[in-house]
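Colleague: Please take one part of this model and look at it closely for me, starting at the metal site and then working outward. I would like every term explained as you go.

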Amino acid sequence: RGMMVDPARHFIPIKDLKKFVDMMAYYKFNKLHVHLTDNQGWRLPVPGYPRLQSVASKRTESFGDGIPHEGMYTKKELKDLVAYCAARGIEVIPEIDVPGHNQALHAAYPEFFCFPKPDMKVRTVAGNSRELVCPQKPEVWKFYAAVFKELKDIFPSSTVHLGGDEAPTELWKKCPLCREARTKAGMKDEQEQMRAFFANMTALLNKNGQTPQFWYEGNAGIYHPGETVYAWRQDQARQAIEKTKKAGLNLIMASNEYCYLDFPQFPGQYNWGWMQTTPLQKCYELDPAFGKSAAEAGHIRGVHAPVWAEHLPDLNHLLYRVYPRAMALAEAGWSPMEVRSWENFQRKVADHRSFVLKRFNYDLKRTKDNEPPFRWENKK
Ligand SMILES: [Zn+2]
């Protein structure tokens, strides 16, 4: 029963993360997945790599607003967060996204990439970049060894999320070092190189007694049996369940049409032109097994609610989008389908309304993008 926060896109101070965690604990979520790195920012300090702080943790603006944005946790703060979560029954799973989603890292350390661009800037808009770290450069492995050492020092979790999503391999295809390596190893394409890259990353983590998780990208063959992946792509959950079962993978259900809580939760709420509206009842209807039997879906380990934050600049916005829908996903994580009742759930949600709203004191004036005022919407 996890939730993911995204301080890479908009930095979340630890004091605000703790408020978010209080609420998670109340609704019995037990995994906090922290997306620490992305194109738009890097939030984990790593000894020996000062440009993560001076370059990768800052950007000039967000979506043309002209306002610089930055943020970096300290090791002490992250340890404090881990302890705070542990006291509330929550394990913190850090994410370092590889090999893609790394424009911020490229801005700081262009030499890690196939085609270094010294003028690369930390990304200021949404969307992905084509930049993947180059697996053929020894300095890349030295860097990730240092990153993982730091993760091990901070996070007692046996699991590290390595992303692995949306990694277009076109630059690997062109890179002379990557080409030579593929030829030498007899690899037929870049997907085989991706599989080897994940295996090497996994070996690095294993040295610290940790194992990886990944965002599932539809091709079960690039992962290794026993690994855990998250189904996230829209309307692909059923085939993800089938393919991961065959491949011997564990699966966590985060299918975005039910689980992405940054999506608008009622018609009229801002969707930035592409997010589908996901009302409370839709979240409540999530069957993590998608109707499959225990034999077919026994490898599903849990339910997960990512909250991407390209457009969620602060705690107020996070909570505004996350509640009350997180309650529906909590129940989906706790209760088998045969005991679920939408009518009963609506009554419970109504009882919680004042608790949630008072506790976090939604400041409606602070929502931007012409959001309509927050409504506590129980219906479709
Ligand atoms: Zn390369």
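What follows is one answer that begins at the metal site and then moves on to pockets, a helix and some details of the backbone.

Modeller: Before we begin, please keep in mind that this is a predicted model, in which local features need pLDDT of at least 70 and side-chain atom pairs count only at pLDDT 80 or more, whereas totals for chains, interfaces and linings use all residues. Residues are numbered from 1 along each chain as its sequence is written, and side-chain values use heavy atoms, with hydrogens and water left out.

The zinc ion is held by the SG atoms of Cys-114, Cys-134, Cys-175 and Cys-178, at 2.3 Å (donors are N, O and S atoms within 2.8 Å of the metal, or 3.2 Å for Na, K and Ca; because water is not among the atoms, sites may look incomplete). The angles between these four donor atoms run from 104 to 119°, and therefore the arrangement is tetrahedral (for four donors, all angles must lie between 85 and 135 degrees). For comparison, the ideal angle for four tetrahedral donors is 109.5 degrees.

Along the sequence, the donor residues follow the spacing C-x19-C-x40-C-x2-C. Cys-134 sits in the loop between α4 (103–108) and α5 (138–154), while Cys-175 sits in the loop between α6 (170–174) and α7 (176–185), so this pair ties together parts that are 41 residues apart in sequence (helices are DSSP runs of H or I with at least four residues, strands are runs of E with at least two, and both are numbered from the N terminus). Both Cys-134 and Cys-175 are buried (under 20% relative accessible area, with exposed meaning over 50% and partly exposed in between, for a 1.4 Å probe and protein chains only).

Moving outward, the largest pocket has a volume of about 410 Å³ (a pocket is an open set of points, on a 1 Å grid over the protein atoms alone, where a 1.4 Å probe fits, with protein on both sides within 12 Å along at least five of seven lines, and its lining residues have an atom within 4 Å of a point; grid points are joined across faces, edges and corners, and the volume is the space filled by probe spheres set on them). Its lining has 22 residues, and those closest to the centre are Glu-166, Tyr-260, Trp-274, Trp-308 and Glu-310. The second largest pocket, at about 260 Å³, is lined by 18 residues, with Lys-31, Ile-93, Gln-213, Ile-252 and Arg-301 nearest its centre. Among the elements that give two or more residues to this second lining are β2 (31–35), β7 (91–98) and β12 (300–307), and β12 gives the most, with four residues.

β7 also leads us to the backbone, since Pro-99 lies in the loop between β7 and α4, and the peptide bond from Val-98 to Pro-99 is cis, with omega near -10°. Tyr-323 and Pro-324 are likewise joined by a cis peptide bond, with omega about 5°, and Pro-324 lies in the loop between α13 and α14 (325–334). Helix α13 (residues 315–322) is mostly covered, for eight of its eight residues are buried.

Finally, two residues that are not glycine have a positive phi: Phe-63, at about 55°, and Trp-272, at about 50°. Phe-63, in the loop between β5 (58–59) and β6 (69–70), counts as partly exposed because its relative accessibility is 35%. Trp-272, in the loop between α10 (256–259) and α11 (280–284), is buried, with a relative accessible area of 16%.

Methods: Tetrahedral: all angles 85-135°; square planar, octahedral: opposite > 155°, others 65-115°.
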